[in-house]
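Trainee: I would love a close look at one part of this protein, with enough of the surroundings to place it. Could you walk me through it?

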Amino acid sequence: MHTGEQFTSPQPPSPGPGGGRGGALLIGGLAFAIVFLLIVGATVGYLVLRPTLFGGAAGETTVAGSQTATDPEATVSDQATGDEATSEEPTEVVEERCWSPSQERTSKNPSGKLRGGGLEFIPPAAYGGRDSGGYVHFLSDSQTAYAEVEESWISTMTVGTVEWQPGVEYPGDEVASQKIAKCFFTDGNWGDKARERTWDDETTKPVTIAGMPGYETRAVVDFGSDDLEKTDGTEIVVVVLDTDQGPSAFVTDTAVGVIEHEEAVEKAYSSLTGLSG
């Protein structure tokens, strides 16, 4: 055994037998390992860091072909069902037999005439009273002229716009004239002087007045008993015409047997026209 002084060589030790091939393999193995790690790293980076196929947010995992498609028709159907469930049911309109609109005077009387809706007439001298109240059902923008028969009893003539109950279809001029006339009988302000009233001699016919088509309903209300001296009944006339301003009516109730009033209403009727301007 050699035990003398040892020296450290500045040169690396020479490879032993087969050392050249082993070194090459080692270097080749290291190179392969480095390349393999680079390939794996690049692949992992690509899978993790690339944008998703459908534009998902960063960090969101999306696999192509695995998304659940949304049925647009099903969505609309579901939404419609929800809307129907939450919407309120429409309220059914109950038709009133004799409906009265709120009274609002919108017309202005021209000189020497009374106007309402699309109609106007010349009031007779005997009918000196004036009122814009709601004497007649289904009429608004009304103007009334009246004359006294005796204490607490009058004859009237009224013109105005035919206004039907909201939500109820307008039945046409013929039916409107009949309903307005009958409501005057059933729901009129008769007081207690005229009792046991009956509805007699009703007639309805088509008319054309001043070029305006329409219908006239006429009837007599007879009093079975009353506290009146000058009359025992009232004649009701309702004329509904199709005017440029919509359906409008001329309505009279005249004390039967009071000649002055009967003649006056004939003159007023003959003066009936559309708006003069």
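Trainee: To set the scene, what percentage of the contacts in the protein with a separation of 6 or more comes from residues 24 or more positions apart? After that, please take me through the largest pocket and what lies around it.

Mentor: Happy to! Please keep in mind that this is a predicted model. Your figure is 59%: that is the share of contacts with a separation of 6 or more that belongs to residues 24 or more positions apart. The chain carries four helices and nine strands, and from start to end their order is α-α-β-β-β-β-β-α-β-β-β-β-α. Of its 277 residues, 33% count as buried. The accessible surface is about 17500 Å², and carbon and sulfur atoms hold 54% of that area.

Now to the pocket. The largest one encloses about 420 Å³ of space. It is lined by 18 residues, and those closest to its centre are Tyr135, Ile154, Asn189, Trp190 and Asp253. Sorted by class, the lining has six nonpolar, eight polar and four charged residues. Two elements, β5 (153-162) and α3 (173-187), each bring at least two residues to this lining, and β5 gives the most, with three.

Since β5 gives the most to that lining, let us stay with this strand for a moment. Thr156 sits in it. Is Thr156 buried or exposed? Thr156 counts as buried because its relative accessible area of 4% falls under the 20% cut-off. If we set aside neighbours within four places in sequence, Thr156 touches Tyr127, Thr144, Ala145, Tyr146, Val251, Thr252 and Asp253. Two of those names are worth following. Asp253 is among the residues closest to the centre of the largest pocket, while Thr252 is one of the residues lining the largest cavity. Through these contacts, Thr156 touches a lining residue of each space.

That brings us to the cavity. Searching the whole structure turns up one cavity of 30 Å³ or more, and the volume of the largest cavity is about 60 Å³. Its lining is made of Arg218, Glu235, Val237, Thr252, Thr254, Val265, Glu266 and Tyr269. Here β8 (233-243), β9 (246-255) and α4 (259-270) each provide at least two residues, with α4 holding the largest share at three. By class, the lining has three nonpolar, two polar and three charged residues.

Next, the two ends of β5. Just before the strand, Ser152 lies in the loop between β4 (139-150) and β5. Ser152 has a positive phi of about 65° even though it is not a glycine. Ser152 counts as exposed because its relative accessible area is 59%, and the cut-off for that label is over 50%. A similar backbone feature turns up at Ala210, where phi is near 50°, again positive in a residue other than glycine. Ala210 belongs to the loop between β6 (194-209) and β7 (212-226) and is exposed too, with a relative accessible area of 54%.

Past the other end of β5, look for Glu163. Its C-alpha atom is 6.9 Å from that of Pro101, although the two residues are 62 apart along the chain. Pro101 is in the loop between α2 (72-86) and β1, yet it is buried, at 6% relative accessible area. Beyond its neighbours within four places in sequence, Pro101 contacts Phe138, Leu139, Ser140 and Glu163.

From that loop we can step on to β1 (114-116), the strand that holds Arg115. What is the relative accessible area of Arg115? Arg115 comes in at 10% and is therefore buried. Its side chain makes a polar contact of 2.8 Å with the side chain of Glu120. Outside the four places on either side in sequence, Arg115 touches a list of residues that includes Arg105, Lys108, Asp141, Gln143 and Val159. Val159 falls within β5, and that brings us back to the strand that gives the most to the lining of the largest pocket.

Note on methods
Residues numbered from 1 in each chain as written. Predicted model: local features only at pLDDT ≥ 70, side-chain atom pairs only at ≥ 80, totals over all residues. Heavy atoms only, no water. Buried < 20%, exposed > 50% of the residue type's maximum accessible area, 1.4 Å probe, protein only. Polar contact = N/O pair within 3.5 Å; in protein donor to acceptor, adjacent residues only side chain to side chain. Contact = heavy atoms within 4.5 Å. 1 Å grid on protein atoms, 1.4 Å probe; cavity = no way out; pocket = protein on both sides within 12 Å on 5 of 7 lines; lining within 4 Å. Points joined across faces, edges and corners; volume = space filled by probe spheres on them. Nonpolar A, V, L, I, M, F, W, Y, C, P; charged D, E, K, R; others polar. Areas by Shrake-Rupley, 256 points an atom, 1.4 Å probe, with all protein chains shown as cover.
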